[in-house]
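Student: Please take a close look at the empty space in this structure, starting with the cavity. After that, go on to the charged pairs and the backbone outliers.

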Amino acid sequence: MRGISFEINNEYGKFLSDIFSNIIDPSWYWSVGPGESYKIEKGTLGSDLFPHSVSLNGPSFLEYISTNEYYLIFTDLKAFPNMEEVVEIKSYDDFLKSPCELALLIIDSCYVSIFSKDELITHKLFVRAKNFHYTNINYITNENDTL
């Protein structure tokens, strides 16, 4: 089991907080890759949700994803146990060889893929996706992963 995939609604919200709250390790450092994620300000797209191409400590990351509503168009986030181990990851093989614990990709505002090295976290994320009534929820396995 590599992770899970599902679809979220193409709308404003706090999807990252909904997905990760009380599941992820708050001590992880988050690498924010290139993407398009915007805070909602006065009912419309505002400033960037995350600073571009940086790493955030766990508390800062949790604050970013839980404070304001936002709109996720393309999002690339990766969690590492400490700041010194943040490395670039371009493939699943890179992910496996790295200290990265979890990787999230959102494409076209609704297609979510989460890869995790911890099967318990993967299972919790699967249950969370069901509880939020996301659609097309599937485990990503060696057999069905197209990456």
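Tutor: What follows starts with the cavity, moves to a pocket, and then takes up salt bridges, a surface patch and some single residues. The model is predicted.

Rolling a probe the size of a water molecule over the atoms shows where empty space is left. Here the search gives one cavity of 30 Å³ or more. The volume of this largest cavity is about 100 Å³. Its lining consists of 15 residues, and V32, G33, G35, S37 and F50 are the closest to the centre. Two elements, β3 (36-41) and β6 (70-80), each give two or more residues to that lining. The largest contribution is from β6, with four residues. Sorted by class, the lining holds seven nonpolar, five polar and three charged residues.

Strand β6 also takes part in a second site. The second largest pocket holds about 250 Å³ of space. It is lined by 11 residues, of which I89, K90, S91, Y92 and L105 are the closest to its centre. Two or more residues of this lining come from each of β6, α3 (92-97) and β7 (102-107). By class, the pocket lining divides into seven nonpolar residues, one polar and three charged.

K90, one of the residues closest to the centre of that pocket, leads on to the charged pairs. Side chains of opposite charge can pair when their charged atoms come close. In the whole structure, three salt bridges are found. K90 pairs with E88, and the closest N and O atoms of the two are 3.6 Å apart. K90 counts as exposed because its relative accessible area is 69%, over the 50% cut-off. E88 passes the same cut-off at 62% relative accessibility, so E88 is exposed too.

A second bridge joins K97 to D93, with 3.0 Å between the closest N and O atoms. Both residues belong to helix α3, where they are four residues apart, or about one turn of the helix. K97 is exposed, because its relative accessibility is 67%. D93 has a relative accessibility of 40% and therefore counts as partly exposed, a class that runs between 20% and 50%.

The remaining bridge is between D76 and K78, whose closest N and O atoms are 2.3 Å apart. D76 and K78 are both buried, a class that requires under 20% relative accessible area.

The next item is a nonpolar patch on the surface. F74, I107 and Y111 make up this patch, which has an area of about 270 Å². I107 is part of strand β7, one of the elements that give two or more residues to the lining of the second largest pocket. I107 counts as partly exposed because its relative accessibility is 42%.

The residue that follows I107 in number brings in the backbone. Most residues other than glycine have a negative phi, and most peptide bonds are trans. D108 goes against this tendency in phi: the angle is near 55°, a positive value, and the residue is not a glycine. D108 is placed in the loop between β7 and β8 (111-116). With 54% relative accessibility, over the 50% limit, D108 counts as exposed.

N22 is a further residue with a positive phi, of about 65°, although it is not a glycine. N22 sits in the loop that runs between α1 and β2 (29-32). Its relative accessible area is 75%, so N22 is exposed.

Helix α1, which comes before the loop of N22, spans residues 15-20 and includes L16. Is L16 buried or exposed? L16 is buried, because its relative accessibility is 0%. In sequence, L16 and L62 are 46 residues apart, while their C-alpha atoms are 9.0 Å apart in space.

To return to the part you asked about, the cavity of about 100 Å³ takes four of its lining residues from β6. The same strand gives two or more residues to the lining of the second largest pocket.

Notes. Residues numbered from 1 in each chain as written. Predicted model: local features only at pLDDT ≥ 70, side-chain atom pairs only at ≥ 80, totals over all residues. Heavy atoms only, no water. 1 Å grid on protein atoms, 1.4 Å probe; cavity = no way out; pocket = protein on both sides within 12 Å on 5 of 7 lines; lining within 4 Å. Points joined across faces, edges and corners; volume = space filled by probe spheres on them. Nonpolar A, V, L, I, M, F, W, Y, C, P; charged D, E, K, R; others polar. Salt bridge = Lys/Arg side-chain N within 4 Å of Asp/Glu carboxyl O. Buried < 20%, exposed > 50% of the residue type's maximum accessible area, 1.4 Å probe, protein only. Patch = residues over 30% accessible without salt bridge, like charges linked within 9 Å, V, L, I, M, F, W, Y side chains within 5 Å. Areas by Shrake-Rupley, 256 points an atom, 1.4 Å probe, with all protein chains shown as cover.
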